[in-house]
Amino acid sequence: MPQEKTIRIKDVSSNFEREPLNPYRFKGSAITESWQTLAYLKTDGDVHKIGQCTQGVLWSDSKVFANHSETAGNALMYAMTERALQMMKGTSFTNPVKLVDDILPEVLAYGKQITGNPDLRTTFALNALVAVDNAAWLLYAHENGLTRFDDMIPAAYRPGLSYHHDKVASIPSFSVGTTAERIKQAADEGYFILKLKTGAAGTQAEMIEKDIAFLTAVHKAIGHYETPYTASGKIPYYFDANGRYEKKETLLRFLDHAKKIGAFDQIAVIEEPFAEENETYVGDLGVRVAADESAHTVEDAARRIEQGYGAIAVKAIAKTMSMTMKITQLAYEKKIPCFCADLTVNPILVDWNKAVAARLPPFPGMSIGLQETNGHQYFKNWEKLESYHPMAGASWTETQKGVYITDKSFYEKSGGILAPSAHYEAVFAQG
């Protein structure tokens, strides 16, 4: 590729829209609203692009969520997005990866100050930067004459994102307390891999009893289901404890119970069983353990791999596309499989995530790309949000029998993510 253009930012703006949710329970709490934040960047040449972000306060830093009202937590993250935009005004960048590296420390420091939390998690700042990063990638593509996502990936990160799956699993997510009947209903609809939240509320003793009962009920309901997408032909389980397990022994009780009832071999992955500061080695559990919110940066991901983590849940829609490219490349080099997890994002961001999911090497024991997407379950106005997608109704935007069809048109059109959304353009036109 020819030398990257230098892009100078003349003007910036931001806005947000509040979207009501059906309560989503995890980390011993629940979210009831989701802010869709927008970052507007305009160049010296009067070209503008609008980036989007779905804020995940509880997911990215549960302390901020606990210490503030839900609205205030969202306002704090939004203030960090605005701070990043003000930092960029009148400055130049060549590529978004370096841009994020350059502004992340100051945005994180500002976040620590305004939240009053000296231990604010890096993921909180990365989540705040998603809309900015998103807009920067759109400008980068425009200024460098790149019309397809494949061409936008810098050469250093292409090996880890060079696969082209023709299907990507659409993985729904079920919050703590979901009934086995509801999970069976999803399996009957064709969903073959389901994200099941564990780490029930209460003491550790109460939690493990509830989690074991849940595992028993789920295995009884869907353990015998078959699928063409796994090497075993059986439905795989994907558990996410969101850091609720305090001791390895407690997790071993869960796994021993899985062995007792014949569910152990169907556990594809257990995500984030322990809190981030818990450095317990997990490479000897006999199951693949995935890092998610604890793998904030590429350095954190490397540390988790040393601790025996055998997979990484990547989130271009929560930790920026820029940081995700660095993490997927490291994982590729270390032969650690990745899959895409969701943040209950809007339909356009689902396709930003799908851009990654469709290009990751296959997950062990499975034949297609993997992407969690739960917005249709939790956004009260999902159909309205779908109408904002610039290519609403395109074949790859709809789940069909548990999968997205990522065919030739998906790659040619880059999932629609490079096209402007009339709705979000109108937000700034009014201003």
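**Figure 1. Phe-239 and the residues around it in the predicted model.** Look past the neighbours within four places in sequence, and Phe-239 is in contact with Leu-196, Thr-198, Phe-214, Leu-215, Phe-254, Ile-267, Val-269, Ile-270 and Glu-271. This is a predicted model, and that goes for every view that follows. Phe-239 is also one of the residues with the most contacts inside the largest nonpolar core, a group of 137 residues. Leu-41, Ile-222, Leu-255, Ile-312 and Trp-352 share that billing. Which helix gives the most to this core? That would be α5, residues 122–143, which puts in 15 residues. There is also a second, separate core, with 18 residues, and Ile-171, Ala-268, Ala-290 and Ala-341 are among them. As a general point, nonpolar side chains in soluble globular proteins tend to be buried together.

**Figure 2. Ala-258 in helix α9.** Ala-258 sits in α9, and with a relative accessible area of 0% it counts as buried. Setting aside residues within four places in sequence, the contacts of Ala-258 are Leu-215, Ala-263, Phe-264 and Ile-267. Two of these names, Leu-215 and Ile-267, also turn up in the contact list of Phe-239. Another pair to pick out here is Ala-258 and Thr-216: they are 42 residues apart in sequence, yet their C-alpha atoms are 7.9 Å apart in space.

**Figure 3. Helix α3 against helix α5.** Two packed helices are described by the angle between their axes and the distance between the axes. Here α3 (residues 70–88) packs on α5 at an angle of about 55°, and the axes are 9 Å apart. The two helices are therefore oblique to each other, and α3 passes α5 in a right-handed crossing. On the α3 side, the contact is made by Gly-73, Met-77, Met-80, Thr-81, Ala-84, Leu-85 and Met-88. From α5 come Phe-124, Ala-125, Asn-127, Ala-128, Leu-129 and Val-132. Sorted by class, that contact holds 10 nonpolar and 3 polar residues, with no charged ones.

**Figure 4. Helix α4 across helix α11.** How do these two helices meet, and at what angle do their axes cross? The axes of α4 (residues 96–115) and α11 come within 8 Å and cross at roughly 105°. That makes α4 roughly perpendicular to α11. Pro-96, Val-97, Val-100, Asp-101 and Leu-104 are the α4 residues in this contact, and they meet Ser-322, Met-323 and Lys-326 of α11. The class count is 5 nonpolar, 1 polar and 2 charged residues.

**Figure 5. Helix α7 beside helix α8.** In this view α7 (residues 180–188) and α8 (residues 204–222) pack at an angle of about 35°, with 9 Å between their axes. The crossing of α7 past α8 is right-handed. Ala-180, Ile-183, Lys-184 and Ala-187 are what α7 brings to the contact, while α8 offers Phe-214, Ala-217, Val-218, Ala-221 and Ile-222. By class, there are 8 nonpolar residues, 1 charged and no polar. Ile-222 has come up before, among the residues with the most contacts inside the largest nonpolar core.

**Figure 6. Gln-204 in helix α8.** Staying with α8, we turn to Gln-204, which is part of this helix. Is Gln-204 buried or exposed? Its relative accessible area is 18%, and Gln-204 is buried, the limit being under 20%. Not counting residues up to four places away in sequence, Gln-204 touches Arg-244, Tyr-245, Glu-246, Lys-247 and Thr-250. For scale, Leu-99 is 105 residues from Gln-204 along the chain, and the two C-alpha atoms are separated by 42 Å.

**Figure 7. Ala-301 in helix α10.** Ala-301 has its place in α10, residues 298–306. This alanine is buried, at 0% relative accessible area. Beyond residues up to four places away in sequence, Ala-301 touches Ala-295, Ile-312, Ile-327 and Leu-330. Ile-312 is another of the residues with the most contacts in the largest nonpolar core. Ile-103, 198 residues from Ala-301 along the chain, has its C-alpha atom 20 Å from that of Ala-301.

**Figure 8. Two residues with positive phi, Asn-242 and Lys-335.** Neither residue is a glycine: Asn-242 has a phi near 45°, and Lys-335 has one of about 60°. Asn-242 is found in the loop between β8 (237–240) and α9 (248–261), whereas Lys-335 lies in the loop between α11 (321–333) and β12 (338–340). Asn-242 counts as buried at 6% relative accessibility, but Lys-335 is exposed, with a relative accessible area of 73%.

Terms used:
Residues are numbered from 1 along each chain as its sequence is written. This is a predicted model: local features need pLDDT of at least 70, side-chain atom pairs count only at pLDDT 80 or more; totals for chains, interfaces and linings use all residues. Side-chain values use heavy atoms; hydrogens and water are left out. A nonpolar core is a set of buried Ala, Val, Leu, Ile, Met, Phe, Trp, Tyr and Cys residues joined through side-chain atoms within 4.5 Å. Buried means under 20% relative accessible area, exposed over 50%, partly exposed in between (1.4 Å probe, protein chains only). Helices (H or I, at least four residues) and strands (E, at least two) are DSSP runs, numbered from the N terminus. Contact means heavy atoms within 4.5 Å. Axes are lines fitted to C-alpha atoms, for helices over the stretch in contact, and angles run from 0 to 180 degrees between N-to-C directions. Angles under 35 degrees count as roughly parallel, over 145 as roughly antiparallel, 65 to 115 as roughly perpendicular and the rest as oblique. A crossing is left-handed if the near helix is turned anticlockwise from the far one by less than a right angle, and right-handed if clockwise. Ala, Val, Leu, Ile, Met, Phe, Trp, Tyr, Cys and Pro count as nonpolar, Asp, Glu, Lys and Arg as charged, and the others, Gly among them, as polar.
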